[in-house]
Amino acid sequence: MIGDLIGQIIKLISGANARWLEFEDRQTIYFANHRSHLDAFVVWSVLPPRMRKQTRVVGAKDYWEKTALRRLISQKIYHPVLIERNKAAACDDAHHPVHQIIRALDEKSSIIIFPEGTRNAEEGTKPFKSGLYHIAQQRPNVELVPVYLENLNRILPKGEIFFVPLIGAVTFGPRMRIQEGEEKKEFLNRAQQALIKLEAI
């Protein structure tokens, strides 16, 4: 399958290896730090083939529809959940980002999401946007897995088109759920700390 071939190419380019602290083959919300345009491709590519086929990346509609090549990749390989970044369009109930992601989960897809909202050019992790909380709150039976990406911002630096030959790493942490009655700030802080802890592994 072309998706498997593309996955192997991405792993070769990035040198990324998956490290699982807890492996389960079931529907999951993967949430990762965001440092590079490679991030979504790499998380998707290191998943086992069967899991990869069931997993969709949450991405910006304007990014994926910008060029013919991106549209082709989007339609034929990744089938991302395309999010409107235009606030006027996103206000429409059918195009609200959280509602779009919930529909994907209800179709039994796993998702890959970047709760910082945009690429982080600085060290550390930016505060998480509230979307992750609302998704977890509406579908509390779907477990979440923190995913820490290492070195990808150095393999494809911002503004560059050529890859730097370094070894990337993708660490999948322990599964977690939102707790009954957990407030937004508490949950987002707990999720962010679960991601940060993976940096030291």
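Two strands count as paired here if DSSP finds at least two bridges between them, and that is the sense in which bridge partners are named on this tour of a predicted model.

**The whole chain**

Begin with the full view, where the chain of 201 residues holds 10 helices and seven strands. Of these residues, 45% count as buried, and the chain exposes about 10,900 Å², of which carbon and sulfur atoms supply 54%. If you display contacts between residues at least 6 apart in sequence, 70% of them join residues that are at least 24 apart.

**Strand β5 and its neighbours**

Next select residues 110-113, which form strand β5. Its two faces are both covered, since S110 and I112 on one side are buried, as are I111 and I113 on the other.

Now add residues 55-60, strand β3, which runs parallel to β5 and pairs with it over three bridges; within this pairing, R56 has I111 as its bridge partner in β5. Then add strand β2, residues 28-32, which is likewise parallel to β5 and joined to it by three bridges. On this strand, Y30 is the residue to pick out, as it stands opposite I112 of β5.

**Salt bridges around R26**

The whole structure contains 10 salt bridges, and a good place to start is R26. Side chains of opposite charge can pair when their charged atoms come close. Show R26 together with E24, and you will find a salt bridge whose closest N and O atoms are 3.0 Å apart. R26 is partly exposed, at 37% relative accessibility, and E24 is also partly exposed, at 31%.

Bring in E143 as well, because its side chain meets that of R26 in a salt bridge at 2.6 Å, N to O. E143 belongs to strand β6 (residues 143-150) while R26 sits in the loop between β1 (17-20) and β2, so this pair ties together parts that are 117 residues apart in sequence. Unlike the partly exposed R26, E143 is buried, because its relative accessible area of 11% falls under the 20% cut-off.

**E84 and K61**

Finally, select E84 and K61, which form a salt bridge with their closest N and O atoms 3.4 Å apart. This pair links distant parts of the chain, with E84 in the loop between β4 (81-83) and α6 (87-90) and K61 in helix α4 (residues 61-64), 23 residues apart. E84 counts as buried at 18% relative accessibility, whereas K61 is partly exposed at 27%. To close, select E24, R26, E143, R175 and R177 together, which salt bridges with shared partners join into one network.

How values were computed: Residues numbered from 1 in each chain as written. Predicted model: local features only at pLDDT ≥ 70, side-chain atom pairs only at ≥ 80, totals over all residues. Heavy atoms only, no water. Buried < 20%, exposed > 50% of the residue type's maximum accessible area, 1.4 Å probe, protein only. Helix = DSSP H or I, 4+ residues; strand = E, 2+ residues; numbered from the N terminus. Contact = heavy atoms within 4.5 Å. Areas by Shrake-Rupley, 256 points an atom, 1.4 Å probe, with all protein chains shown as cover. Salt bridge = Lys/Arg side-chain N within 4 Å of Asp/Glu carboxyl O.
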